[in-house]
Amino acid sequence: MLLFFRNSDIFCLIKRIIKSFIMKVEDFYEKKKQEATKSFAFLIEKCEHSQNNPYGIKLCEDVLLDKPVVVLLPGTVSERENLKACNGLLKKIDSFVFEQCHFARGQVRVCAAVCHLGSFCNPNLCRELDYNFYNNPQTYHEMRASFSQQKFLAHAHPDYVNDIYRLVLKNCLYENGALLPFKVAIRRLRKVIFVAYCHGAFTAMCLHDLMKVDTWGDMYTESQRKKMLKSITVLAYSPDCQLGKSCFNFISLASASDLNTKHGLGFVEYVHQNFLVMDFGLCYLPEKCGNIFYCAKYSKNGVEGNPLNLRAVSGEDFFSNLAKREENAEKDVITEHMFLGFTPYKNMSKAALKLQKIGNLILKNAIKNALKKSPRLLSVWQLSIDSWADLRIFMHALSMGKTGWQLKTRWEQVPNRPSFARDIKVIRLDD
């Protein structure tokens, strides 16, 4: 009997919980990196600063399913900055949920997935493979043929995604190793909200694929499977993944001037036919067109009647002064690929301010819905509207999106059409 208990999942869970109380997150992370040969992930959450938690974060092993949980899926940075950057984004979300929205900490759980990609998983290659799967089948098959089976799996289905799935979604679907009845599972799933940034959107797509496989079989009907997938809300900021392919309630916010990401929609290429972006303000492309809110620019530099400030910089100066420039960068100034967040930056465009408010409303209303005894499936407009003023902003964005999509479709029929965004090569410095 004792032997059975020691080998049980319960005993392992108890050991992890005890370890989370006595080990610093930084020590746990370093130990995990030394032991692991593949990519991995674990969850952290904010806590009071103490000797054991000098950065105000602790391990989060026990994701309870009787309350809503907001899970951050971060982007990628250098390994040296990984935990710090993840903590920074977590702090912003935690502050919004508990200080701006005034939800009680006992009501809602807010945590972040710390993802270590290791030496086997290249995030750029992950996204490139995924992008080509949807847009360039021949290139995708050539890449796959050149990969070993191990390398392909490490990039198409990264191990760190399996960890996040096990810690969050698998608990919603299984109990004692068996799939739960549909009504129980969907009630749990509607309490899960992902906030993704950049590469985190790719992570959300991988979680979607795992859940599709996990729910396949005789336990649920096709209609039930679709409802279960749709019940999970993903709020993606500056997503770097193919849009319009997820069955999750996947809603994205982005700057059309962010040339670091690829969405596979063609809209960014259309509004960037020249060096300057078309100043269309704010638009919304509905689900069949990607389910994304775009603003022309996050910053007001060069849009909405503001002058465009340009400065010539040599390549040598750019790289030699990179560290110094980052150290002296203004923290309250936003650039086009930054995390939009929940509080205004001083240089934001009017359209970006509206976009930020929409993101705030989506997260706030998703949590409010998840707190209900029987959460409902909410549409995008239900999540992003709280007043008549919000409705006017949404309807105008929808109208601009419809017009923009029609013009984009006509433009795509023009042979040899120019596009600055399509032809420029972007070097990523954060991976």
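**Close-up 1. Helices α5 and α11 in the predicted model, where their axes come within 11 Å and cross at roughly 60°.** In this predicted model, helix α5 covers residues 123-135 and helix α11 covers residues 199-214. The two helices are therefore oblique to each other, and α5 passes α11 in a left-handed crossing. On the α5 side the meeting residues are P123, C126, R127, D130 and Y134, while on the α11 side they are H199, F202 and M205. Sorted by class, this contact of α5 with α11 has five nonpolar residues, one polar residue and two charged residues.

**Close-up 2. Helices α8 and α11, which pack at an angle of about 65° with their axes 10 Å apart.** Helix α8, made of residues 159-167, is roughly perpendicular to α11, because angles of 65 to 115 degrees are counted in that way. The crossing of α8 and α11 is right-handed, whereas the crossing of α5 and α11 is left-handed. From α8, the residues Y160, V161, N162, I164 and Y165 make the contact, and from α11 they are joined by H199, F202, T203, C206, L207, L210, M211 and D214. By class, the residues of this contact of α8 with α11 divide into nine nonpolar, three polar and one charged. H199 and F202 of α11 take part in this contact with α8, and H199 and F202 are also among the residues of α11 that meet α5.

**Close-up 3. Helix α12 (residues 222-230) and its buried residues R225, M228, L229 and K230.** These buried residues of α12 pack against α9 (169-173), α10 (182-189), α11 and β9 (249-255). Helix α11, which packs with α8 in the preceding view, is thus named here as one of the elements against which the buried residues of α12 pack.

**Close-up 4. The surroundings of K230, a residue that lies in helix α12.** K230 has a relative accessible area of 18% and is therefore buried, as the cut-off for a buried residue is under 20%. Leaving aside residues up to four places away in sequence, K230 touches C247, F248, N249, E287 and L377.

**Close-up 5. Helix α18, which is formed by the 24 residues 388-411.** At 1.5 Å a residue, this helix should span 34 Å, and its end C-alpha atoms are 34 Å apart, so the expected span and the distance in the model agree. Buried within α18 are D390, F394, A397, G401, G404, K408 and W411. The partners against which the buried residues of α18 pack include the helices α13 (267-271), α16 (350-370), α17 (380-383) and α19 (420-423), together with the strands β10 (282-285) and β11 (292-295).

**Close-up 6. The surroundings of N347, a residue in the loop between α15 (322-328) and α16.** N347 is buried, with a relative accessible area of 16%. When residues up to four places away in sequence are not counted, N347 touches Y298, S299, K300, D332, V333 and I334. Helix α16, which follows this loop, is also one of the elements against which the buried residues of α18 pack.

**Setting of the close-ups: a chain with 19 helices and 11 strands.** Of the 431 residues of the chain, 49% count as buried, and K230 and N347 are among the buried residues. Among contacts between residues at least 6 apart in sequence, 68% join residues that are at least 24 apart.

Notes. Residues are numbered from 1 along each chain as its sequence is written. This is a predicted model: local features need pLDDT of at least 70, side-chain atom pairs count only at pLDDT 80 or more; totals for chains, interfaces and linings use all residues. Side-chain values use heavy atoms; hydrogens and water are left out. Axes are lines fitted to C-alpha atoms, for helices over the stretch in contact, and angles run from 0 to 180 degrees between N-to-C directions. Helices (H or I, at least four residues) and strands (E, at least two) are DSSP runs, numbered from the N terminus. Angles under 35 degrees count as roughly parallel, over 145 as roughly antiparallel, 65 to 115 as roughly perpendicular and the rest as oblique. A crossing is left-handed if the near helix is turned anticlockwise from the far one by less than a right angle, and right-handed if clockwise. Contact means heavy atoms within 4.5 Å. Ala, Val, Leu, Ile, Met, Phe, Trp, Tyr, Cys and Pro count as nonpolar, Asp, Glu, Lys and Arg as charged, and the others, Gly among them, as polar. The expected span of a helix is 1.5 Å times one less than its number of residues. Buried means under 20% relative accessible area, exposed over 50%, partly exposed in between (1.4 Å probe, protein chains only).
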